[in-house]
Amino acid sequence: MLLAAAPVQASTPPAMVVMPPICAERCINSIEAVTLAAQVGNGAGVMGDFAMTVKAIGFERGRFYLNSELDYRDRNCLTVVIPATTMSKLVGTTDLEAVKKFYVGSKIAARGVARQVRIDFTADGQPTGKYYYQIHLFVPDERLLTRPAS
């Protein structure tokens, strides 16, 4: 008598996704990012690896804004937007002056989608009908931003 057992299936470990280093191939600079994101317009964006020198930093509503230009309203400004919780993991603090000291003048590289964002002017909390556009690159995870050695 021959007994047949149920076939044994070898389990395969789950695959681990390994991201290539940011800017391993090529980085999109801030001017290219602004130009491309403005061309695709609202609702779309440009995905890639981006590099810029941080010239100014702001903080508002729980987010840090790292700007490629001294004036964030400059049409050539790429703004990297980082939640405070992510910044704390990157720098070890959410103190604005400490973040400025760490990043201003430094080159950074980030992975994400650069999008055109409409910024409305307000008066007494109400939109005035006047607006301008900024290009934002949202970085929700500390693994998506590096400060390469110079």
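The following exercises, each with a worked solution, concern the fold, strands, helices and selected residues of one predicted model.

Residues are numbered from 1 along each chain as its sequence is written, and side-chain values use heavy atoms, with hydrogens and water left out. In this predicted model, local features need pLDDT of at least 70 and side-chain atom pairs count only at pLDDT 80 or more, whereas totals for chains, interfaces and linings use all residues.

**Exercise 1. The chain as a whole**

Determine how many helices and strands the protein chain has, and in what order the elements run.

Step 1. Helices (H or I, at least four residues) and strands (E, at least two) are taken as DSSP runs, numbered from the N terminus. On this basis the protein chain has three helices and eight strands.

Step 2. Read from the N terminus, the order of the elements is β-α-β-β-β-β-α-α-β-β-β.

Step 3. Burial is judged by relative accessible area: under 20% is buried, over 50% exposed, and values in between partly exposed (1.4 Å probe, protein chains only). Of the 150 residues, 33% count as buried.

Step 4. Contact means heavy atoms within 4.5 Å. Among contacts between residues at least 6 apart in sequence, 57% join residues at least 24 apart.

**Exercise 2. Strand β5 and its partners**

State which strands pair with β5, and in which sense.

Step 1. Two strands pair if DSSP finds at least two bridges between them.

Step 2. Five bridges connect β4 with β5, and these strands run antiparallel. Within this pairing, Y65 has V81 of β5 as its bridge partner.

Step 3. The pairing of β5 with β7 is parallel and comprises four bridges. Here V80 stands opposite L137 in β7.

Step 4. Side chains in a regular strand alternate between the two faces of the sheet. In β5, L78, V80 and I82 point one way, while T79, V81 and P83 point the other way. All of these residues are buried, in accordance with the count of six buried residues out of six for β5 (residues 78-83).

**Exercise 3. Strands β1 and β2**

Establish how β1 and β2 are joined.

Step 1. Strand β1 (residues 28-29) is joined to β2 by two bridges, and the strands run parallel.

Step 2. N29 stands opposite A51 in β2.

Step 3. Strand β2 (residues 46-53) is mostly covered, with six of its eight residues buried.

**Exercise 4. Packing of helices α2 and α3**

Describe the geometry and composition of the contact between α2 and α3.

Step 1. Two packed helices are described by the angle between their axes and the distance between the axes. Axes are lines fitted to C-alpha atoms, for helices over the stretch in contact, and angles run from 0 to 180 degrees between N-to-C directions.

Step 2. Helix α2 (residues 84-91) packs against helix α3 (residues 96-103) at an angle of about 55°, and the axes are 11 Å apart.

Step 3. Angles under 35 degrees count as roughly parallel, over 145 as roughly antiparallel, 65 to 115 as roughly perpendicular and the rest as oblique. The two helices are therefore oblique to each other.

Step 4. From α2 the contact draws on M87, L90 and V91, and from α3 on V99, F102 and Y103.

Step 5. Ala, Val, Leu, Ile, Met, Phe, Trp, Tyr, Cys and Pro count as nonpolar, Asp, Glu, Lys and Arg as charged, and the others, Gly among them, as polar. The contact residues comprise six nonpolar, no polar and no charged.

**Exercise 5. Three residues in their surroundings**

Classify N67, T86 and I135 as buried or exposed, and identify contacts of each.

Step 1. N67 lies in strand β4 (residues 63-67) and counts as buried because its relative accessibility is 5%. Residues up to four places away in sequence aside, its contacts include M52, Y72 and C77.

Step 2. T86 belongs to helix α2 and is buried, with a relative accessible area of 3%. Beyond four places in sequence, T86 touches V139, P140, D141 and E142.

Step 3. I135 is in strand β7 and is buried at 4% relative accessibility. Neighbours within four places in sequence aside, its contacts include A33, C77 and A114. The C-alpha atoms of I135 and T35 are separated by 9.2 Å, although these residues are 100 residues apart along the chain.

**Exercise 6. Positive phi angles**

Locate C23 and D124, and give the phi of each.

Step 1. Most residues other than glycine have a negative phi.

Step 2. C23, in the segment before β1, has a positive phi of about 65° although it is not a glycine.

Step 3. D124, also not a glycine, has a positive phi of about 55°. D124 is placed in the loop between β6 (107-123) and β7 (126-138) and is exposed, with a relative accessible area of 82%.
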